[in-house]
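User: I'm new to reading protein structures and would like a close look at one part of this one. Could you walk me through it slowly?
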Amino acid sequence: MELGSTVSAVRSNRVLVGDEVCPAVIVIKDEKIHQILSHGDFSGACEVLDVGDSVVMPGIVDSHVHVNEPGRTSWEGFWTATRAAAAGGVTTIVDMPLNSIPPTTTLGNFRDKLREATGKCFVDTAFWGGVIPGNQLELQPMIQAGVAGFKCFLIHSGVEEFPHVTDGDLHTAMKQLQGTGSVLLFHAETEVQHTTEEDGDPTQYSTFLQSRPDVMETEAIRTVTELCLQYQVRCHIVHLSSAEPLKLIQEARQAGAPLTVETTHHYLSLCAENIPAGATQFKCCPPIRGSVNQEQLWSALKTGQIDMVVSDHSPCTPDLKKLDSGDFTQAWGGISSLQFGLPLFWSSASKRGFQLSDVVRLLSRRTAQLCRLDDQKGSLAPGYDADLVVWDPDREFQVSNQLNTFYDTENSFIFIIFILISIFLHRLRKQAFIIKTR
């Protein structure tokens with residue numbers, strides 16, 4: 001359900017204001033939160049949407065989404081990706097610089113991306129740039145144009161047009177980013193030994209898992225921490241799958257590294273022991289690991305060692321998943337789950353003692369901080385964008401692949417009702433360029 005322009009206040013008995021859940025009325029003016037009042041203090045004559053006991057919280061900011069347009073729009077485009085986001089309470093996405101063709105690695109390519117996205121977005125959309133060999137002189141112009149930051153790979157990215165960087169490329173890029181306030185995101189895996197996945201049964205998930213051991217993440221993160229400490233440039237580790245490097249990350253932070261780290265819904269919801277033979281829809285890089293590792297990731301979230309949770313939505317056409325052969329070694333590595341992040345997270349997190357305030361912190365506020373949108377998104381406060389999600393954390397639904405429909409049931413995921421306050425403007429932000437909602 002989308003609020004029309006006539007609704008200018010939302011009332012609920014459960015509003016997330018800061019870390020507190022309380023009865024409140026959110027008054028909206030010019031697509032911004034104007035005031036947050038107690039029920040007794042509100043006496044306005046405007047149209048009010050009363051949602052009763054449903055939770056009202058800031059919209060989710062998913063800072064790790066592969067939209068793939070232009071060039072691979074058949075995999076996913078802005079029209080479909082942002083509608084999926086809206087269906088799951090995600091009110092802002094940040095698009096990754098690959099797997100579109102061309103990738104967002106030059107100022108010209110960034111402008112092409114903006115033209116493609118304009119008029120197609122159902123939620124607010126910002127953009128990451130990319131660091132590849134030889135594009136160091138493009139970084140500062142892209143910062144000035146409004147990219148939220150940059151991403152690089154320390155291993156083959158999976159697409160030829162986005163090559164991974166060498167140590168020399170990283171030092172050059174870090175020098176360009178010093179003093180800009182920008183952030184460099186790392187796909188933190190590196191080749192450490194000859195892998196032998198071809199020697200095992202390619203339809204067994206264990207064959208693929210053994211080809212991407214924890215040490216690949218650990219050694220890559222060792223490189224990241226050293227660079228972060230040397231240059232004091234903000235660094236961010238995307239989609240951490242292994243708990244083994246957490247000690248390295250903690251030590252680097254204690255030494256003064258401006259370093260953050262995310263994990264994803266699939267690492268928190270899925271485990272290697274439960275992946276059937278030939279089920280290549282579960283392939284992603286880094287891989288889904290075992291249940292013991294998964295519980296360590298949950299513990300790290302609770303203690304603050306992991307800063308945020310994202311989707312790493314990375315779709316492709318069905319043929320690229322090699323479902324007919326079930327060959328994990330040949331299948332595309334990516335999981336499509338943009339619209340299910342909130343119910344997936346809450347279904348597991350609520351059983352582990354997490355609170356609604358933790359949902360906002362991990363899925364909205366910290367992700368907004370990463371991409372420098374935290375002065376307008378990720379919190380309910382006067383002056384912030386009126387991006388609201390209204391949902392019932394106690395109701396359940398079942399996901400069906402028939403017509404992509406949600407069905408209520410007694411024993412499945414949490415049911416979401418989403419409400420987006422739409423903004424029908426395109427404008428240049430100081431921190432990052434955002435394509436506003438349609």
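Which residue stands opposite threonine 263 in strand 15?

Analyst: Happy to help! Please keep in mind that this is a predicted model. The residue you are after is valine 309, which stands opposite threonine 263. Let's start from that pair and work outwards.

Strand 14 covers residues 259–264, and its pairing with strand 15 is parallel, with 3 bridges between them. Both strands belong to an open sheet of 6 strands, whose order is 10-11-12-13-14-15, with parallel pairing. Strand 10 (129–130) and strand 15 are the edges of this sheet: each has a single partner strand, so one side of each has no neighbour in the sheet.

A helix packs on the sheet as well. Helix 4, made of residues 167–177, touches strand 11 (150–153), strand 12 (183–187) and strand 13 (234–237). If you compare directions, that of helix 4 makes about 155° with that of strand 12.

Now look at the other end of the strand order. Strand 10 runs parallel to strand 11, and 2 bridges join them; here glycine 130 is found opposite lysine 151. Strand 11 also runs parallel to strand 12, this time with 4 bridges, and phenylalanine 153 stands opposite histidine 187. Strand 11 is covered on both faces: Phe150 and Cys152 are buried on one side, while Lys151 and Phe153 are buried on the other.

Let's return to strand 15, where we began, and look at the empty space beside it. Rolling a probe the size of a water molecule over the atoms shows where empty space is left. The model has 3 cavities of 30 Å³ or more, and the largest cavity holds about 60 Å³ of space. Val309, the residue from your question, is part of the lining of the largest cavity, and Val310 and His265 are also among the lining residues.

Which elements supply at least two residues each to that lining? They are strand 7 (60–65), strand 15 (308–310) and helix 10 (341–349). Strand 7 gives the most, with 3 residues. The lining includes Ile60, Val61 and Asp62, as well as Gly341 and Leu342. Sorted by class, the lining residues are 8 nonpolar, 3 polar and 1 charged.

So here is the picture to take away: valine 309 sits opposite threonine 263, and Val309 also helps to line the largest cavity.

Notes:
Residues are numbered from 1 along each chain as its sequence is written. This is a predicted model: local features need pLDDT of at least 70, side-chain atom pairs count only at pLDDT 80 or more; totals for chains, interfaces and linings use all residues. Side-chain values use heavy atoms; hydrogens and water are left out. On a 1 Å grid over the protein atoms alone, a cavity is a set of points where a 1.4 Å probe fits but cannot get out, and a pocket is an open set with protein on both sides within 12 Å along at least five of seven lines; lining residues have an atom within 4 Å of a point. Grid points are joined across faces, edges and corners, and a volume is the space filled by probe spheres set on the points. Ala, Val, Leu, Ile, Met, Phe, Trp, Tyr, Cys and Pro count as nonpolar, Asp, Glu, Lys and Arg as charged, and the others, Gly among them, as polar. Two strands pair if DSSP finds at least two bridges between them. Contact means heavy atoms within 4.5 Å. Axes are lines fitted to C-alpha atoms, for helices over the stretch in contact, and angles run from 0 to 180 degrees between N-to-C directions. Buried means under 20% relative accessible area, exposed over 50%, partly exposed in between (1.4 Å probe, protein chains only).
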